[in-house]
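Colleague: I should like to learn how to read the features of a protein model, one after another. May we proceed by question and reply?

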Number of protein chains: 2
Amino acid sequence: MKKTELNELRKDPLLGRWVAVLNRSLGPADYTVSSPEDHEKNCILCQGRETEVPGEIASVRGRDDRSGRWLTRVIPNFSPVFQIEGELGRRGEGMYDKMNAVGANEIIIESPDHSLPPEEIGLDQMTKVIMTYRDRIADLEKDHRLRYTLIYKNSGKDAGATFSHPISHLTSTPVIPKRVKEELDGAKQYFAYKERCLFCDIMKEELRFGSRVIIETRHFLAFCPYASKFPFEAWILPKRHSCAFQEILAEELEDMALILSTVLKKLKLLFRGVAFNYFIHTAPNRMPRKDHWHTLGEDFHWHLEIMPRFLKTTGFEWGSGFYILPTSPEDASKYLREV
Amino acid sequence: MKKTELNELRKDPLLGRWVAVLNRSLGPADYTVSSPEDHEKNCILCQGRETEVPGEIASVRGRDDRSGRWLTRVIPNFSPVFQIEGELGRRGEGMYDKMNAVGANEIIIESPDHSLPPEEIGLDQMTKVIMTYRDRIADLEKDHRLRYTLIYKNSGKDAGATFSHPISHLTSTPVIPKRVKEELDGAKQYFAYKERCLFCDIMKEELRFGSRVIIETRHFLAFCPYASKFPFEAWILPKRHSCAFQEILAEELEDMALILSTVLKKLKLLFRGVAFNYFIHTAPNRMPRKDHWHTLGEDFHWHLEIMPRFLKTTGFEWGSGFYILPTSPEDASKYLREV
């Protein structure tokens, strides 16, 4: 066989995971994207059908709007896996361990309009969505049985979406999910060694080199991580060190709406109809963030991860936790920057 | 809302991950399975087209067969991510770490016949496939740059298959993959506390209860794990404690072929055309298995994991590492046992 240049393995500084970055980088046209879904006419999540769905948990409404029209709206999940009422009941079963699925499953309706996702209505609407995320996390944090609230979005069938109305999901669990625990541990290890926040260091490094930056706003940075799991993966980090998303400042809200809208629009411009997930990683509930005797909170930094879903995972990824990147993060961020 | 019985959260004793098991268990008919793929007529991996593919790395041929006909055959991957020649070149890049993608990427052709996977030709052929797995791992173990060899199979497009000819894949990496490292760490922690092998304990427990057992043979046990990630997930473990798959005994080979064939056939009977992955988890290379000063090797136990791919992963799984099981392992194993 012809000897070719070796591909590169890169280590994720947060999770210790390795990824392979291919030399022969694929461009946006090389990816197959499922065609956008049909928008069903008869959507139960649309404005005007409020009485047909489970009771409202929360909503954001216009300040002067007496029409009762909502801008964002939170309802219970139609088939909840976790239920808010009940005891944890931690117990053994033979050699195994189990407990009850106490928690919360909510649907965050991002827009009254079926065919207009918040990033297309304008900054105001996206800001309302982010406020809704914040308020729900802050509210559920008060429940001492719950250890973590994950906000996530499934857009497109390949990303697991079941509604075509623009929605996000919320799941509160009585345990810290494994993936979050791994991030907390990775960031803690780095802090123990360097006495600096890993995420703050990553941002400084990315701003210094610039080659993986997608967009920088006043308060946020969006970039393609050095050891992305999937091509065109993008992370959004607040520049101000903060471990808890729900402590986002008023002046940061609109700026976050701006950067999130921009990255989503760029992805859609490059890949019409691409399926994607995003989720927020923040500090768990009951983490003593203000305790000056501990470094807790100093070593974690909340962020949002956007994962386009072009590629099918195979036995390789599931068996190894190793990922292969057919487009380098440098190339991906260049496409996203320039579109 | 009507108060319903709480779902159950179960902890994976190996990885510490939690899964939710739904009370309202789905049956096989509730899962959507993609229709089986068309078998292309013109397959380069079939018997007779050997000169059109990269050179043979290894093969198994009939003892008395002078016709040159092979039974299994190993060739290099057509577009290798890892290459066998070159230096590791571990180095930094700013704050990040990288190295060269030195390793091996091989295709294991499981059968000369395009339309007959080994589990349908008979035990002999499946035994040859398992011998091929063993020989390749043992061969690559000699290369001291390589830390791990993963054998895996992608069957069906939803599982990432790119050929319809029955094949498995082999990838050798210069690092221990994260998922394997997590298993080693989990098993080590258990051993440190209990002074027993976690996998041996799991087998004893499963045999004692029986409710998650699919099939037991002389040397192997197949069962649905207590905290499966996916519905109808099945694990195959050797009853004899052994950390390294390549040390499988001659008398165990055919028995492993029997249990693997049986479980695959049962899956196919329940779900015609179901996509699945399987992979072998074994001790990494360069682990001093014979060193009596260490417990290395005592605390790990090789096994094969079979993952049917019915469900789309969403932002929930990717963001949390938490899985939701719509069919309990007890129900899944009952369906598999009885089919």
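Modeller: The turns below treat the domains, the chain contact, the shared sheets and one helix.

Modeller: This is a predicted model, in which local features need pLDDT of at least 70, side-chain atom pairs count only at pLDDT 80 or more, and totals for chains, interfaces and linings use all residues. Residues are numbered from 1 along each chain as its sequence is written, while chains are lettered from A and ligands numbered from 1 in the order in which they are written.

Colleague: Into which domains is chain A divided?

Modeller: Domain bounds come from an automatic or database domain assignment. In chain A, domain 1 comprises 8-37 + 177-338, and domain 2 comprises 50-173. The C-alpha centres of domain 1 of chain A and domain 2 of chain A are 22 Å apart.

Colleague: How many residues does each domain of chain A bring to the contact?

Modeller: Two residues are in contact if their C-beta atoms, placed from the backbone, lie within 7 Å. Domain 1 of chain A contributes 29 residues and domain 2 of chain A contributes 27 residues. Helices (H or I, at least four residues) and strands (E, at least two) are DSSP runs, numbered from the N terminus. On the side of domain 1 of chain A that touches domain 2 of chain A, α5 (250-270) and β13 (276-281) of chain A each supply at least two residues. The largest share of that side, nine residues, comes from α5(A).

Colleague: How do the residues of the side of chain A that touches chain B divide into nonpolar, polar and charged?

Modeller: Ala, Val, Leu, Ile, Met, Phe, Trp, Tyr, Cys and Pro count as nonpolar, Asp, Glu, Lys and Arg as charged, and the others, Gly among them, as polar. The contact takes 62 residues from chain A and 63 residues from chain B. The side of chain A that touches chain B has 30 nonpolar, 18 polar and 14 charged residues.

Colleague: By what turn and shift can chain A be laid on chain B?

Modeller: Copies are superposed by least squares on the C-alpha atoms of residues with pLDDT of at least 70 in both. A turn of 180° and a shift of 0.0 Å along the axis lay chain A on chain B with an RMSD of 0.0 Å. The two copies are therefore related as by a two-fold rotation axis. The same surface serves both copies, since 100% of the contact residues of chain A recur in chain B.

Colleague: In which order do the five strands from β5(A) to β15(B) form an open sheet?

Modeller: Two strands pair if DSSP finds at least two bridges between them. The order is β5(A)-β6(A)-β1(B)-β2(B)-β15(B), with mixed pairing. Its edge strands, β5 (91-93) of chain A and β15 (323-325) of chain B, each pair on one side only. Across the chains, three bridges join β6 (residues 96-100) of chain A to β1 (residues 8-11) of chain B, and these strands run antiparallel. There A:Met99 has B:Leu9 as its bridge partner. Within chain B, four bridges join β1(B) to β2 (residues 18-21), also antiparallel, and B:Glu8 has B:Val21 as its bridge partner.

Colleague: Which residues of helix α7 of chain A are buried?

Modeller: A residue is buried if 20 or more other C-beta atoms lie within 10 Å of its own, exposed if 12 or fewer, and partly exposed in between, with C-beta atoms placed from the backbone. In α7 (residues 329-338) of chain A, the buried residues include A:Pro329, A:Tyr335 and A:Leu336. Their cover includes β10 (213-216), β11 (220-223), β12 (234-238) and α5 of chain A.
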